[in-house]
Amino acid sequence: MTLEFILCAAGGYLAGSIPFGLVLCFMAGYGDIRKIGSGNIGATNVLRTGNKFLALLTVLLDAFKAGLAAFTAFHLLPDTAVTVWGIDTTANVLGSLIAGSMGVIGHNFPVWLKFKGGKGVASAFGFILMTQWQIAVIALIVWLVMAFTFRYSSLSALTAAAAMPVVAFFMCPPVYAVFYTAIALLVIVRHHANISRLAAGTESKISFKKKA
């Protein structure tokens, strides 16, 4: 099954590398989103254009690409037993986790943008939604509570990312917890600059006002 897993990784990475935020902003006439706000290609920065619909569409598409990769791999591979890192699972489950994880990595480090991409929050959500939807719902609830309470997108993402592997450890087979932990760590590391700004009290809050 090695070749199949390599194809899952490659397909997931290429799907995740599609920079929807950048493409949508160009199509809408906002130019290069990397020259706006934080310079990120994700939905939070797209929202800084003042276009809520465009930001929502970016979230959905960024989630869709990693989720689709995981979904496709799960349904193409057989459910034959495999063992990875001493953990028993099936080929289709492992393939979906590989493809979805690589979709998140592709979003973070897209080959088309010299490996300078987003932070993978929406992509991670889509990946988890397609593999263990219960964990995704819990992560979304955590994000929403933190976002409406403190109005920091980064703090909401960090809290949801930290909670995700802990919840998965108790609710999912071990192989899921391993991959979710890796993705959570990636999301946290990618928010290192936000963590510094949060500590300094200079982090920007979520704004729903239309840009002048």
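## Helix packing and cores in a predicted model

Right after helix H2 comes Gly-29, with a positive phi near 90 degrees. The structure described here is a predicted model, and H2 is a handy place to start looking around it. H2 spans residues 20-27, and its buried residues are Phe-20, Gly-21, Leu-22, Leu-24 and Cys-25. The cover over these buried residues includes H3 and H4.

The pairing of H2 with H4 can be followed residue by residue. The two axes come within 9 Å and cross at roughly 145 degrees, and the crossing is right-handed. On the H2 side, Phe-20, Gly-21, Leu-24 and Cys-25 take part, and they meet Leu-54, Leu-57, Thr-58, Leu-61, Asp-62 and Lys-65 of H4. Sorted by class, this contact holds 6 nonpolar, 2 polar and 2 charged residues.

H4 itself runs through residues 52-76. Its 25 residues stretch 36 Å from the first C-alpha to the last, close to the 36 Å expected at 1.5 Å a residue. Quite a list of H4 residues is buried: Leu-54, Ala-55, Thr-58, Asp-62, Ala-63, Lys-65, Ala-66, Gly-67, Ala-69, Ala-70 and Ala-73. Asp-62 and Lys-65, then, are among the buried residues of H4, and both also belong to the contact with H2. What lies over the buried part of H4 includes H1, H2, H3, H5 and H6.

Another helix pair is H1 (residues 2-16) with H5 (residues 91-108), packed at an angle of about 30 degrees with axes 6 Å apart. Here too the crossing is right-handed. From H1, the residues involved are Phe-5, Cys-8, Ala-9, Gly-12, Tyr-13 and Gly-16. Facing them in H5 are Ala-91, Leu-94, Gly-95, Ile-98, Ala-99, Met-102, Gly-103, Ile-105, Gly-106 and His-107. The contact of H1 with H5 counts 10 nonpolar and 6 polar residues, and no charged ones.

H5 also holds Ser-96. Is Ser-96 buried or exposed? With a relative accessible area of just 3%, Ser-96 falls under the 20% cut-off, so it counts as buried. Setting aside neighbours within four places in sequence, Ser-96 is in contact with Ala-70, Ala-73, Phe-74, Phe-127 and Thr-131. Of these partners, Ala-70 and Ala-73 appear among the buried residues of H4.

Next comes the largest nonpolar core, which has 37 residues. Which of its members touch the most others? They are Leu-97, Phe-127, Val-175 and Tyr-180. Plenty of elements chip in: H1, H4, strand S1, H5, H6, H7, H8 and H9 each supply at least two residues of this core. H9 gives the largest share, with 9 residues. Leu-97 touches Phe-127, Thr-131, Val-175, Tyr-176, Phe-179 and Tyr-180, once residues up to four places away in sequence are left out. There is also a second, separate core of 13 residues, and its members include Leu-22, Leu-24, Ala-147 and Ile-206. Leu-24 has already turned up in the contact of H2 with H4.

Val-178 sits in helix H9. Its relative accessible area is 35%, between the 20% and 50% cut-offs, so Val-178 is partly exposed. In sequence, Val-178 and Leu-97 are 81 residues apart, yet their C-alpha atoms lie 9.8 Å apart in space. Apart from neighbours within four places, Val-178 is in contact with Trp-85 and Ile-87.

Ala-81, in strand S1, gives another case to look at. Its relative accessibility is 71%, and because that is over 50%, Ala-81 counts as exposed. Ala-81 touches Thr-89 and Thr-90, not counting residues up to four places away in sequence. Ala-81 and Gly-201 are 120 residues apart in sequence, with 50 Å between their C-alpha atoms.

Finally, the loop between H5 and H6 brings the story back to backbone angles. Most residues other than glycine have a negative phi. Lys-114, which lies in this loop, has a positive phi near 55 degrees. Phe-115 is in the loop between H5 and H6 too, and its phi is positive at about 65 degrees although it is not a glycine. As for accessibility, Lys-114 counts as exposed at 70%, while Phe-115 counts as partly exposed at 48%.

Methods:
Residues numbered from 1 in each chain as written. Predicted model: local features only at pLDDT ≥ 70, side-chain atom pairs only at ≥ 80, totals over all residues. Heavy atoms only, no water. Axes fitted to C-alpha atoms, helices over the stretch in contact; angles between N-to-C directions. Helix = DSSP H or I, 4+ residues; strand = E, 2+ residues; numbered from the N terminus. Left-handed = near helix turned anticlockwise from the far one by under 90°. Contact = heavy atoms within 4.5 Å. Nonpolar A, V, L, I, M, F, W, Y, C, P; charged D, E, K, R; others polar. Core = buried A, V, L, I, M, F, W, Y, C linked by side-chain atoms within 4.5 Å. Buried < 20%, exposed > 50% of the residue type's maximum accessible area, 1.4 Å probe, protein only. Expected span 1.5 Å × (residues − 1).
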